[in-house]
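Please open the model in your viewer and keep the sequence panel beside it. The stops below move from one selection to the next, with a short account of what to look for at each.

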Amino acid sequence: MPPESADSVDSAGSADTAEPIVADLHAHTTVSDGTLTLDEVPAAAREAGVDWVAVTDHDRIHPGLDAPVVERDGVRVVRGIELRVDAGFERLDLLGYGVEHTDALDAEVERLQRDRRERGAAILDAVEDRLGVDLDVEPREGLGRPHIARAIDESDAPYDYAGAFDELIGNDGPCYVAREVTTLDEGLDLLADACALVGLAHPFRYERVDEALGVARERDAIGAVERFYPYGRAVDDERIDRVAAEADLLRTGGTDAHERTLGVAGLTEPAFEPVRERLPEPVSVQSFATGSSPAAAPDEQD
């Protein structure tokens with residue numbers, strides 16, 4: 001889809017600063033490495049003036065969302081996922097929106113979360129042995145390095161959050177432990193079967209931007225690219241617009257919130273409209289309490 005001619009972009013990656021952002025399509029909660037609980041998302045959205053939020057936790061579908069789009073306290077919350085995949089040349093992040101549970105995707109998520117627990121335990125052991133501290137972090141589903149970095153920052157160790165990554169648990173750090181990820185082909189198959197829309201996340205965060213954009217351009221399962229994103233540095237946004245126009249991709253955007261602020265980046269109403277057309281209709285959370293909603297997935301019924 002060609003970019004909307006009325007849009008302009010500021011350095012924070014927000015569509016047309018003359019118009020408010022209505023959709024933040026990239027946010028994390030406490031079930032992965034965010035700090036917002038699901039119950040806190042609507043209030044954070046309202047504070048930011050945002051009507052739609054996509055909860056895209058890492059390698060996990062939030063268990064508290066019972067439909068692909070749920071209306072909670074006046075905010076439309078999109079059930080999403082951010083799935084890391086191995087493209088061969090680099091690991092990429094795919095954003096799935098409007099997720100339906102499938103047996104295959106649920107099984108892969110379970111495998112990835114088991115690996116996260118095991119990998120998290122190995123990193124914790126390495127850090128505690130090296131520093132002689134007790135981080136008091138329990139290996140669990142959704143555990144990521146940000147959790148461990150926060151624990152290091154709060155401990156007696158002489159490292160703050162950034163220093164924990166720079167000196168200990170970053171990709172080249174002495175306490176780093178690699179984790180398993182899904183292959184690109186499998187990830188695309190899984191998300192194409194389960195999601196209303198699949199997009200490539202934050203293309204300018206990759207070392208090999210051309211190859212990453214080539215995946216978005218060439219793979220039929222990908223229908224969007226994240227265009228509005230707070231990189232904190234100048235990037236060639238027009239390059240994304242050209243790829244989107246040439247490959248008929250929708251343009252998404254979001255804060256990639258790991259803290260408590262939403263709406264730093266995202267889509268204005270005209271920019272969101274073509275994406276909105278691809279998403280299922282919201283289901284009110286109250287309907288689940290009255291029993292008028294679709295049945296929950298088997299693993300959420302107990």
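How much space lies in the largest pocket? About 960 Å³ lies there, where a volume is the space filled by probe spheres set on grid points that are joined across faces, edges and corners. Before selecting anything, note that this is a predicted model, in which local features need pLDDT of at least 70 and side-chain atom pairs count only at pLDDT 80 or more, while totals for chains, interfaces and linings use all residues. Residues are numbered from 1 along each chain as its sequence is written, and side-chain values use heavy atoms, with hydrogens and water left out.

**Stop 1: the largest pocket**

Select R84, D93, R145, N171 and R205, which lie nearest the centre of the largest pocket among the 28 residues that line it. A pocket here is an open set of points on a 1 Å grid over the protein atoms alone, where a 1.4 Å probe fits, with protein on both sides within 12 Å along at least five of seven lines; lining residues have an atom within 4 Å of a point. Now colour β4 (75-86), β5 (91-97), α2 (103-131), α3 (145-154) and α4 (161-169), each of which supplies at least two residues of the lining; helices (H or I, at least four residues) and strands (E, at least two) are DSSP runs numbered from the N terminus. If you colour the lining by class, you will find six nonpolar, six polar and 16 charged residues, with Ala, Val, Leu, Ile, Met, Phe, Trp, Tyr, Cys and Pro counted as nonpolar, Asp, Glu, Lys and Arg as charged, and the others, Gly among them, as polar.

**Stop 2: from β5 to β7 and β8**

Keep β5 in view and add strand β7 (residues 197-200), which runs antiparallel to β5 and is joined to it by four bridges; two strands pair if DSSP finds at least two bridges between them. Y97 has L197 in β7 as its bridge partner. Along β7, L197 and G199 point one way and V198 and L200 the other, and all are buried, that is, under 20% relative accessible area, with exposed meaning over 50% and partly exposed in between (1.4 Å probe, protein chains only).

Next add strand β8 (residues 224-228), which pairs with β7 in the parallel sense over two bridges, and look for G199 opposite A224 in β8. With helix α6 (residues 209-218) also shown, β7, α6 and β8 make a right-handed β-α-β unit, where right-handed means that, with the strands pointing away from the viewer, the path from the first strand over the helix to the second runs clockwise.

**Stop 3: β8, α7 and β9**

Extend the selection to β9, which runs parallel to β8 and is joined to it by four bridges; F228 stands opposite G253 in β9. β8, α7 and β9 make a right-handed β-α-β unit. L250 and T252 point one way from β9, whereas R251 and G253 point the other way, and all are buried.

The loop between α7 (237-247) and β9 (250-253) holds L249, and D248 is found in that loop as well. Is D248 buried or exposed? It counts as exposed, because its relative accessibility is 58%, whereas L249 counts as buried at 2%. D248 has a positive phi of about 55° although it is not a glycine. Most residues other than glycine have a negative phi. Measure from L249 to V225, 24 residues apart along the chain, and the C-alpha atoms are separated by 6.6 Å.

**Stop 4: an aromatic cluster**

Show the side chains of F204, Y229 and Y231, which form one aromatic cluster. Y229 and Y231 are a tilted pair, at 4.7 Å centre to centre and with 55° between the planes; rings of Phe, Tyr and Trp (its six-membered ring) pair if their centres lie within 6.5 Å, and planes under 30 degrees apart count as stacked, over 60 as edge-to-face and the rest as tilted. Y229 counts as buried at 7% relative accessibility, and Y231 counts as buried at 14%.

**Stop 5: loops elsewhere**

Finish with S32, in the loop between β1 (21-27) and α1 (41-48), which counts as buried because its relative accessibility is 1%. The C-alpha atoms of S32 and L143 are separated by 6.2 Å, although the residues are 111 apart along the chain.
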